[in-house]
Amino acid sequence: MRAFSERSPIGRRMSSRFVAGMTLDEALKACKELNRQGMAVTLDALGESVLSEEHARRTGRLYAQMIEAITQRNLKANVSLKLTQMGMDLDPLLAEQVVGELVDQAARVGNFVRLDMEGSAYTEATVAMTERLFRRYGAAGTVLQAYLYRTEQDVERLLGQGIRIRLCKGAYKEPASLAFPEKADVDANYLKLAKRCMTSGVFCGIATHDERIIEELKRFAAEAKLPKTAFEFQMLYGVRRDLQRELVEEGWGVRVYLPFGPEWYPYFMRRLAERPANVLFLAKNFFRN
């Protein structure tokens, strides 16, 4: 299946729609085009759960190249990484060293590193590492998932320190003991937490493709007299491109999460296996503008 997907025309079409190429150079070209369209970018080199220290450090070197290339090409972009890419499962101290060097590099050139969120087993470790790196360098933020019960407390915890949050609904399958099992409850919590982030004075990313939620938050921003620069909407590469363009035309900040790299096939399969609803989500967007 992997060989067919990576070599067949439909597989290549799928990957080119949602993944911005196999190489950093291809990703940078896609980034430049999105900047031309008025959108900021977060570059994400696909991969997770590395099995050796060398692999973790190799991934760190790739991210260092990404930060350097963003600076040299004057792109409106930052980077996002997963702690398991950086050796978290091997040695948390190794991961913090590798990520810390990247946050230090980003801080020195006026950029920013987002520590992406993985399953709930990594939530506390990710939040805590973000806090430590933010205190040390100031150029770190993280992602919170609105479907987890704990997220409201995490929002207050991070906003109280001035740490930037990317708020999403959540992509991993979690038990009802940890996460809201019903979509309506997730949506309601998302709206509540998004409004809190938007009015916090901390620049946050509101990551959703849900048009109903976006319209509600636009109305809320107008009623609260929030400037359109107080936050930004964030979406995935290749998903709701029509809505991305519409928001830019209306003057809202939009950031596109742009994944790249040869690990696209296992990335897709893990996401689809974790939540079968993601299959329908990707299929619907594959045929959209």
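Three bridges join strand β2 (residues 77–81) to strand β3 (residues 113–115), and the two strands run parallel. They belong to a barrel of eight strands, closed in the order β1-β2-β3-β4-β5-β6-β7-β8 with parallel pairing. From one strand to the next, the twist averages 30°. The model is predicted.

**Strands of the barrel**

- In the pairing of β2 with β3, Val79 stands opposite Val113 of β3.
- β6 and β7 are also paired in the parallel sense, over four bridges.
- Ala207 faces Gln234, a residue of β7, across the strands.
- β7 is largely enclosed by the rest of the structure, because five of its six residues are buried.

**Phe112, in the loop before β3**

- Phe112 sits in the loop between α5 (92–108) and β3.
- Its relative accessible area is 7%, which is under the 20% cut-off, so Phe112 counts as buried.
- Beyond residues up to four places away in sequence, Phe112 touches Asn78, Val79, Ala106, Ala139, Ala140, Gly141 and Arg164.
- Phe112 and Ile67 are 45 residues apart along the chain, and their C-alpha atoms are separated by 9.0 Å.

**Helices α3 and α4**

- Helix α3 (residues 24–36) lies across β1 (40–45), β2 and β8 (254–260).
- The angle between α3 and β8 is about 165°.
- Helix α4 (residues 53–72) has 20 residues.
- From first C-alpha to last, α4 reaches 29 Å, close to the 28 Å expected at 1.5 Å a residue.
- Buried residues of α4 are Ala56, Thr59, Gly60, Tyr63, Met66, Ile67, Ala69 and Ile70.
- These buried residues pack against the helices α3 and α5 and the strands β1, β2, β3 and β8.
- Asn74, just after α4, takes a positive phi of about 55°.

**Glu131, in helix α6**

- Glu131 is placed in helix α6 (residues 123–137).
- Glu131 counts as buried because its relative accessibility is 10%, with the cut-off set at under 20%.
- The side chains of Glu131 and Arg157 are joined by a polar contact of 2.8 Å.
- Apart from neighbours within four places in sequence, Glu131 is in contact with Arg157, Leu158, Gln161 and Ile163.

**Helix α8**

- Helix α8 (residues 183–198) has 16 residues, which at 1.5 Å a residue should span 22 Å; its end C-alpha atoms are 22 Å apart, so the two values agree.
- Val186, Asp187, Asn189, Tyr190, Leu191, Leu193, Ala194, Cys197 and Met198 are buried in α8.
- The buried residues of α8 pack against two helices, α7 (151–159) and α9 (211–223), and against the strands β5 (165–168), β6 (204–207) and β7 (231–236).

**Cysteines**

- The count of disulfides comes to zero, with sulfur atoms required to be within 2.5 Å.
- Cys197 is in no disulfide: the nearest cysteine sulfur, that of Cys204, is 4.2 Å away.
- Cys197 is buried, with a relative accessible area of 1%.
- Cys168 is buried as well, with a relative accessible area of 14%.

**Loops after β5 and β6**

- Thr208 is found in the loop between β6 and α9.
- With a relative accessible area of 5%, Thr208 is buried.
- A polar atom of the Thr208 side chain lies 3.0 Å from the backbone nitrogen of Asp210.
- Not counting residues up to four places away in sequence, Thr208 touches Lys169, Tyr190, Ile213, Ile214, Gln234 and Met235.
- Among these contacts of Thr208, Tyr190 is one of the buried residues of α8, and Gln234 is the residue of β7 that stands opposite Ala207.
- Pro175 lies in the loop between β5 and α8.
- Pro175 is partly exposed, at a relative accessible area of 41%.
- In sequence Pro175 and Leu148 are 27 residues apart, and in space they are 9.6 Å apart, C-alpha to C-alpha.

Technical notes. Residues numbered from 1 in each chain as written. Predicted model: local features only at pLDDT ≥ 70, side-chain atom pairs only at ≥ 80, totals over all residues. Heavy atoms only, no water. Buried < 20%, exposed > 50% of the residue type's maximum accessible area, 1.4 Å probe, protein only. Polar contact = N/O pair within 3.5 Å; in protein donor to acceptor, adjacent residues only side chain to side chain. Contact = heavy atoms within 4.5 Å. Expected span 1.5 Å × (residues − 1). Pairing = 2+ DSSP bridges. Axes fitted to C-alpha atoms, helices over the stretch in contact; angles between N-to-C directions.
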